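Here is a short tour of one protein chain, written to be read with the model open beside it. Rotate as you go and look up each residue when it comes up.

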Amino acid sequence: MGAVVLGAVAAVLVGVLPAGADPGVSISFDGAAGAFPVNGYSDTWETPDQEVRIWEHDNVIKFDGDKYRGPGQGWTWLAIELSGADGAPLSPGTYTGVTNRYQHPENTGIVVIRDGLACGLDVAEFTITTLERDPDTGRLTAFDAEITQRCGSPTAPVFTATLHLAS
């Protein structure tokens, strides 16, 4: 299946809004049964009820969030990283032929991580409909994207996500 196990994901939170600021960040996702690494888990996380963050660093747009699922289930977290081919900045448009950004940095890239597990053989596409940056700081101010990802082959069970940052 090409799984990659990631211990702790350490992220430099460049461009994250200060505590208490609510830009309207949300992620809705749906994992079909067998869709690695989410395997049937679907949810919608949004601020201020859940910890959901978006930032851009070195031309990689990163969404992540975590949620307490209750006694006996503990915490779960999800991270999605999107990158342009050869480190180029992303812009609005549809990207096809997307592969794992660490395995193939020459391609438009993606990584979907859930609770420390990620696919190493991503087959994905995504469409960015909104991408706005502050002209002075370069920080993301608005973002909307829809993602379709499969692990291992184009016919593998599907993971879909909608990412949103309101301006």
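## The nonpolar core

A nonpolar core here is a set of buried Ala, Val, Leu, Ile, Met, Phe, Trp, Tyr and Cys residues joined through side-chain atoms within 4.5 Å. Keep in mind that this is a predicted model. With that definition in hand, the largest nonpolar core comes to 31 residues, and L78, I80, L82 and F143 are the ones with the most contacts inside it.

So what does L78 touch, once its neighbours within four places in sequence are set aside? The list runs through I27, F29, V38, W45, F63, D64, G65, V112, I113, R114 and F159. Several of those names come back below, so L78 is a handy place to centre the view.

## The chain as a whole

How many helices and strands does the protein chain have? There are zero helices and 12 strands, and the pattern along the sequence is simply β-β-β-β-β-β-β-β-β-β-β-β.

Of the 167 residues in the protein chain, 41% are buried. The accessible surface is about 8,100 Å², with carbon and sulfur atoms accounting for 51% of that. Long-range contacts get a good share too: take the contacts between residues at least 6 apart in sequence, and 54% of them join residues at least 24 apart.

## Rings and charges

The count of aromatic pairs comes to six. One of them is F63 with F143, a tilted pair with 6.0 Å centre to centre and 45° between the planes. F63 belongs to strand β5 (residues 60-68) and F143 to strand β11 (residues 140-151), so this pair ties together parts that are 80 residues apart in sequence. Are these two rings buried or exposed? Both F63 and F143 are buried.

Elsewhere, ring pairs link F29, Y41, W45 and F159 into a cluster. F29, W45 and F159 are also among the contacts of L78. Y41 has a charged visitor as well: R69 lies over its face, 4.3 Å from the ring centre. A similar arrangement turns up with R101, which lies over the face of Y102 at 4.4 Å from the ring centre.

## Strand β2 and its two partners

Strand β2 (residues 25-31) is mostly covered, with five of its seven residues buried. Which strands does β2 pair with? One is strand β12 (residues 158-165), joined to β2 in the antiparallel sense over seven bridges; here I27 has L163 as its bridge partner. The other is β3, again antiparallel, this time over five bridges, and S26 is matched with E46.

S42 sits in that strand β3 (residues 42-46). At 32% relative accessibility, S42 falls between the 20% and 50% limits, so it counts as partly exposed. Not counting residues up to four places away in sequence, S42 touches F29, D30 and G31. S42 and F159 are 117 residues apart in sequence, yet their C-alpha atoms are 9.1 Å apart in space.

## The β4-β5 hairpin

Strand β4 (residues 51-57) is also mostly covered: five of its seven residues are buried. Seven bridges join β4 to β5, and the two strands run antiparallel. To find your way across the pair, look for W55, which stands opposite K62 in β5.

Two residues lie between the strands of this hairpin, and D58 takes a positive phi near 50°.

## A buried serine and an exposed threonine

S83 lies in strand β6 (residues 75-83). Its relative accessibility is 5%, so S83 counts as buried. Beyond its neighbours within four places in sequence, S83 is in contact with N59, V60, L90, R101, T108 and G109. R101 in that list is the residue that lies over the face of Y102.

T94, in strand β7 (residues 93-100), gives the other case. Its relative accessibility is 54%, so T94 counts as exposed. Setting aside neighbours within four places in sequence, T94 is in contact with F126 and T127. As for I147, T94 is 53 residues from it in sequence and 9.9 Å from it in space, C-alpha to C-alpha.

Note on methods
Residues are numbered from 1 along each chain as its sequence is written. This is a predicted model: local features need pLDDT of at least 70, side-chain atom pairs count only at pLDDT 80 or more; totals for chains, interfaces and linings use all residues. Side-chain values use heavy atoms; hydrogens and water are left out. Buried means under 20% relative accessible area, exposed over 50%, partly exposed in between (1.4 Å probe, protein chains only). Contact means heavy atoms within 4.5 Å. Rings of Phe, Tyr and Trp (its six-membered ring) pair if their centres lie within 6.5 Å; planes under 30 degrees apart count as stacked, over 60 as edge-to-face and the rest as tilted. Helices (H or I, at least four residues) and strands (E, at least two) are DSSP runs, numbered from the N terminus. A charge sits over a ring if NZ of Lys or CZ of Arg is within 6 Å of the ring centre and within 35 degrees of the ring normal. Accessible areas come from the Shrake-Rupley method with a 1.4 Å probe; for residues, only the protein chains shown count as cover. Two strands pair if DSSP finds at least two bridges between them.
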